[in-house]
Amino acid sequence: MARGKITSVRGVRDILPEEARRWWEVERTARDVFARYGYGEIRVPLFERTDLFARSIGEETEIVNKEMYTFDDKGGESITLRPEATASICRAYVQHALYNRPGVVKLFCIGPMFRYERPQAGRLRQFHQIDAEAFGSEDPAVDAEVIAMLMDFLGALGLEGLSLEINNLGDPQCRPAYAEALRAYLRREAGGLGPEARERIERNPLRFLDSKEPAHQEVISRAPTIDGFWNAACRDHLAAVCGHLERAGVRYARNPRLVRGLDYYRLTVFEVTSGRLGAQNAVCGGGRYDGLVEDLGGPATPGIGFAIGMERLLQLMGGEAAPEAPLDAFIVALGEKAEAEAFGLAAELRRMGVRTERSFGGGSLKGQMRRADRSGARFVLVLGEEEMAKGVVGLRDMRESRQEDVARGGIAASLAKRLKDSL
Ligand code: HAM
């Protein structure tokens, strides 16, 4: 009995070879640009203890409340698929005592993240981020450097028309007064809000500001903003970041209403958006999280970073990846003996770095030549009965439609020379 086909689950995607080539281009550019700024790659696990995310991202956030892929493993431990990378990188930073390394410790990570969100254009349940984090300095120059690197990277991909917005979310000294003022305002406005929203206002009023509910937007738009509550340190920090950005020629806009969906931020936050992405318009978000390493059991260590959504980035890039480099050689073999010979010849050529394909499953010379033609290979190597008997290989230049016999022993060198000459 035929059995039904199994398809992928909702909110995840396959990346087929043509598209994967574009991912490579983006990842290669990230590695190039980040290396110029002294970043090293870190690869953290796809899953962690649930506590790590609850403690860092915040119990009150949408991510922790609603979107985590959490399960008990067979040992009864609560495990969560990582919804982001910052928490894991901070955990690794503490676990491996990377704070003992000199200077600012700069790390980047590229890979899949998991959030149980409602899938829609630009929103997936498994998506990918390019994440960068810098540990160990409170200097606003580090904030500006992180942002400049991000914008360099986006520029290197040829992206235009992006907006960079920046804000300062206050620090533990000035933010409580803001939270109180916001709570008081929201309480006054809470008449029309549901019980969940009202509860959130009491527990964490700032969280209300990133509500996506259309019904909340009007109340949010009139809410007090953080800039009226900054202390001198926060005001100076933002001014210094902005000054450095200007010196680096980075264009930005200050937005005192900008908040982020994760609780670990303090001081600088920023987002890059595009008008071409529809509702899910954020390509990148980031900010400072100076208390987080300490919250995760490490020494007090400032940190700042960002994460770019890979799928959204690719959507903005549009267009096609450069086509795959064509095959150099295609081997056509007639008969059992020739097929066995073809196997060895293909291995020899590939080891020399020649892009080689061969015809599988036999067939007539005509049929195999058709396959060779379709493969786009520059040269075809023919191992027919006659060639086998003479100890030669028929070397056909597909561009010139010319064929000649080359001694079997010299074919690899001869092919390599011709490929070099035809560059
Ligand atoms: P985030 O704003 O939650 O920040 O995510 C960063 C980016 O990931 C978003 O701007 C978006 O492009 C992409 N993204 C998020 N969720 C989805 C989704 N469901 N489908 C497709 N793309 C998505 C963070 O994750 C922080 N860890 C950033 C950070 C690093 N802050 C400091 N260091």
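Which residue in β9 is the bridge partner of N168? The answer, T268, appears in the fourth view below. Everything here comes from a predicted model, in which local features need pLDDT of at least 70, side-chain atom pairs count only at pLDDT 80 or more, and totals for chains, interfaces and linings use all residues. Residues are numbered from 1 along each chain as its sequence is written, and side-chain values use heavy atoms, with hydrogens and water left out.

**View 1. The ligand and the residues around it.** The shell around the ligand holds 27 residues, and E84, E117, L124, Y265 and A282 come nearest; a residue is near if one of its heavy atoms lies within 4 Å of the molecule. Sorted by class, the shell has eleven nonpolar, eight polar and eight charged residues. In this sorting, Ala, Val, Leu, Ile, Met, Phe, Trp, Tyr, Cys and Pro are nonpolar, Asp, Glu, Lys and Arg are charged, and the others, Gly among them, are polar.

**View 2. Polar contacts with the ligand.** Look here for pairs of N or O atoms within 3.5 Å. T86 has a polar side-chain atom 2.9 Å from a nitrogen atom of the ligand. E133 also places a polar side-chain atom 2.9 Å from a ligand nitrogen atom. At G309, a polar backbone atom is 3.3 Å from an oxygen atom of the ligand. On its own the ligand has 660 Å² of accessible area, and the protein covers 95% of that, using the Shrake-Rupley method with a 1.4 Å probe. The elements giving two or more residues to the shell are β6 (126–135), β10 (282–288) and β11 (303–309). Of these, β10 gives the most, with six residues. Strands are DSSP runs of E with at least two residues, and helices are runs of H or I with at least four, all numbered from the N terminus.

**View 3. The eight-stranded sheet.** This open sheet follows the order β1-β5-β6-β11-β10-β9-β7-β8, with mixed pairing; two strands pair if DSSP finds at least two bridges between them. β1 (40–41) and β8 (253–254) are the edge strands, each with a single partner strand, so one side of each has no neighbour in the sheet. β5 (residues 105–114) and β6 run antiparallel and are joined by ten bridges. Within this pair, C109 has D131 in β6 as its bridge partner. Helix α12 (residues 310–317) packs on the sheet, touching β6, β7 (162–168), β9 (268–274), β10 and β11; contact means heavy atoms within 4.5 Å. The direction of α12 makes about 55 degrees with that of β11, where angles run from 0 to 180 degrees between N-to-C directions of lines fitted to C-alpha atoms, for helices over the stretch in contact.

**View 4. The neighbours of β7.** Seven bridges join β7 to β9, and these strands run antiparallel. Here is the pair from our opening question: N168 has T268 in β9 as its bridge partner. With β8, β7 pairs in the parallel sense over two bridges, and E165 is matched with A253 in β8.

**View 5. The five-stranded sheet.** Five strands form an open sheet with mixed pairing, in the order β13-β12-β14-β15-β16. The edge strands, β13 (356–358) and β16 (402–407), each pair on one side only. From one strand to the next, the twist averages 25 degrees. Strands β12 (residues 329–333) and β14 (residues 379–383) run parallel and are joined by five bridges. Find I331, which stands opposite L381 in β14. Helix α14 (residues 365–375) packs on this sheet, touching β12, β14 and β15 (392–397), and its direction makes about 170 degrees with that of β12.

Note on methods:
A polar contact is a pair of N or O atoms within 3.5 Å; within protein, one must be able to donate a hydrogen and the other to accept it, and residues adjacent in sequence count only if both atoms are side-chain atoms.
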